[in-house]
Amino acid sequence: MTGKVFLIGAGPGDPGLLTIRAADLIARADFIAIDALVSDAIADRAPKTAEVVYVGKRASKHALPQDKINQLLIDEAKKGKTVVRLKGGDPFVFGRGGEEAEELTAAGVAFEIVPGISSALAGPAYAGIPVTHRSYATSLTLVTGHEADASTGIKWEALAQLDGTIVFLMGFGNLATIAEKLTANGVSADRPVAVISKATTPEQRTITGTLANIEGRVAEANLPTPALIVVGEVVKLHDVINWFESKPLFGKRIVVTRAREQASELKRLFEESGATVIQFPTIEIAPPDSWDSLDIAVEEHFDWLVFTSTNGVSAFFERLFAKGEDARALAGIRVVCVGETTAASLRARGIAPDLVPDKFMSTALIPHFDADLHRVRIAVIRAAEGRDEFIEEMRNRGAEVHLAVAYRTVPVALNADELHDIDVVTFTSASTVDNFFAMNPQFEGALLASIGPTTSDALRKHGRQPDIEASMASIQALHDAVHAETRRRGENR
Ligand code: SAH
């Protein structure tokens, strides 16, 4: 049996612009060959079971020659594997997808093409430049700028005749020649031009000008690659429509120190506001040393089940289903959970929690329990490492509390190399403060944002002043406080 090759466009950078088809295929690939332009967030989606090779030029590594790539795809497919070839943007837009498909056909290997969102379209869109517009451009031409200096190739005379939009890919290094050739062939030196660097990523930058002055402006701005060039009247709309680079926290680098599941919600909020989020430290969820304590919570009858995280919910139901049971096993049991995300994952499994405290901490549950808990059995489903305050209090009130260990959290890397040019570090608990400064005692230069008074006190214990404190202990309030303070400082500059 031979496998199949999928030539997939991974989009321009923003992982949200990956197609559903691409995401599905990546998730079940056996072998993945990744191009240089594919973003790490997308490469990270590769399943642990897949073999991943980087075939494009990356940092220190060299590119694999095209014929070697083709042979690799053919060989792996012939072993019966599902092979994914991931390319930046769209595979058929200056992506050599055509050549690879021809080779695969010649070798008799089955393949499919999965189009991607090309940087040629998404770049201008994220810069607020519509590539066509009824008032300014009725055509769009895509040109490789790579051959700008060769005598063959581009028909400059014909290009110069077009009133529409011209997008040059791979033309950044030839920007001066491109501007020169267009003006030499009759295009007005005032024709607007935009250069968009690292389009659709949190580092996107757009420089605008005219054919006459764009080169100087770009040189001054010291723009990094990849970058594309847009020539045409539509570029004027950048100032009007510029929606992406004007997001409130755009360009900010914000550290989210992890504490249970709040981190992912906080990360999402900051990313929606345009920030780059650095998670610190990187934590992996691992199975507990033994399932015994969780199985007791699954099998025996408790009056209350307390879930403190989505991981706990997943593990509990996995064990329950594995025993051939389902949500009905929880009939008559009162279920509480800490955090809305935890509640949502319970609801998804057919259980509406009886109680969700308005704070993200298990101690917030305490006031909801009776003063006398004799003969009451409570199971707390959570990580091996966690706070015991709630459990102690329940025991003091006479309850029998069972600690069901559903998972462990293990710090995997200190990703300290990402800790540069940080604008804000957010802290969602005293322990995140302790962990962060234990690993980075010398850290300074960023605003420190705390979720509330206890966390602020922890900062002071480390000799730091909180620059930002949320008005209430919620993730949204923390995000809003960071937003307000960075805006205030921006205005005062
Ligand atoms: N198949 C790709 C293009 C590959 S050619 C696509 O459809 O997008 C590589 C060129 O694409 C780069 O030289 C640059 O001009 C452009 N490019 C790709 N990704 C980009 C990005 N995120 N921002 C700006 N330009 C990009």
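Which residues point one way from strand 19, and which the other way? Keep that in mind while you read these notes; the model is a predicted one.

1. Let us answer the opening question. Leu447 and Ala449 point one way from strand 19, while Leu448 and Ser450 point the other way. Are these residues buried or exposed? All of them are buried. The general pattern to remember is that side chains in a regular strand alternate between the two faces of the sheet.

2. Now place strand 19 in its sheet. This is an open sheet of 5 strands with parallel pairing, in the order 12-11-18-19-20. Its edge strands are strand 12 (276–280) and strand 20 (468–469), each of which pairs on one side only. In general, the strands of a sheet pair through backbone hydrogen bonds, either parallel or antiparallel.

3. Look next at the partners of strand 19. Strand 18 is joined to strand 19 by 4 bridges, and the two run parallel. Here phenylalanine 427 stands opposite serine 450 in strand 19. Strand 19 (residues 447–450) also runs parallel to strand 20, to which 2 bridges join it. Alanine 449 has isoleucine 468, in strand 20, as its bridge partner.

4. Two helices are worth finding on this sheet. Helix 15 (residues 430–439) packs on the sheet and touches strand 11 (253–257), strand 12, strand 18 (424–427) and strand 19. Its direction makes about 135° with that of strand 18. Helix 16 (residues 453–461) packs on the sheet too, touching strand 18, strand 19 and strand 20, and its direction makes about 140° with that of strand 19.

5. Another sheet is built from strands with lower numbers. What is the order of its strands? This open sheet of 5 strands has the order 3-2-4-1-5, with parallel pairing. Strand 3 (51–54) and strand 5 (110–114) are the edge strands, each pairing on one side only. On average, neighbouring strands of this sheet are turned by 15° against each other, direction ignored. Strand 1 (residues 4–9) and strand 4 (residues 82–87) run parallel and are joined by 6 bridges. Valine 5 stands opposite valine 83 in strand 4.

6. Helix 3 deserves a point of its own. Helix 3 lies across strand 1, strand 2 (31–34), strand 3 and strand 4, and runs at about 155° to strand 4. The axes of helix 3 (residues 66–78) and helix 4 (residues 97–106) come within 10 Å and cross at roughly 45°. That crossing angle is why helix 3 counts as oblique to helix 4. The crossing of the two helices is right-handed. Where they meet, Gln66, Ile69, Asn70, Leu73 and Ile74 belong to helix 3, and Glu100, Glu103 and Leu104 to helix 4.

7. Finally, turn to the nonpolar cores. How many residues does the largest one have? The largest nonpolar core has 24 residues, and Leu305, Phe307, Phe316 and Ile381 have the most contacts inside it. Among the elements that give two or more residues to this core are strand 14 (304–307), helix 12 (310–322) and strand 16 (377–383). Helix 12 gives the most, with 5 residues. Leucine 305 is a good residue to click on: leaving out residues up to four places away in sequence, its contacts include Ala297, Phe316, Val335 and Ile381. Apart from this core lies another, of 23 residues, including Trp156, Val187, Ala227 and Ile229.

Definitions and conventions. Residues numbered from 1 in each chain as written. Predicted model: local features only at pLDDT ≥ 70, side-chain atom pairs only at ≥ 80, totals over all residues. Heavy atoms only, no water. Core = buried A, V, L, I, M, F, W, Y, C linked by side-chain atoms within 4.5 Å. Buried < 20%, exposed > 50% of the residue type's maximum accessible area, 1.4 Å probe, protein only. Contact = heavy atoms within 4.5 Å. Pairing = 2+ DSSP bridges. Axes fitted to C-alpha atoms, helices over the stretch in contact; angles between N-to-C directions. Parallel < 35°, antiparallel > 145°, perpendicular 65-115°, else oblique. Left-handed = near helix turned anticlockwise from the far one by under 90°.
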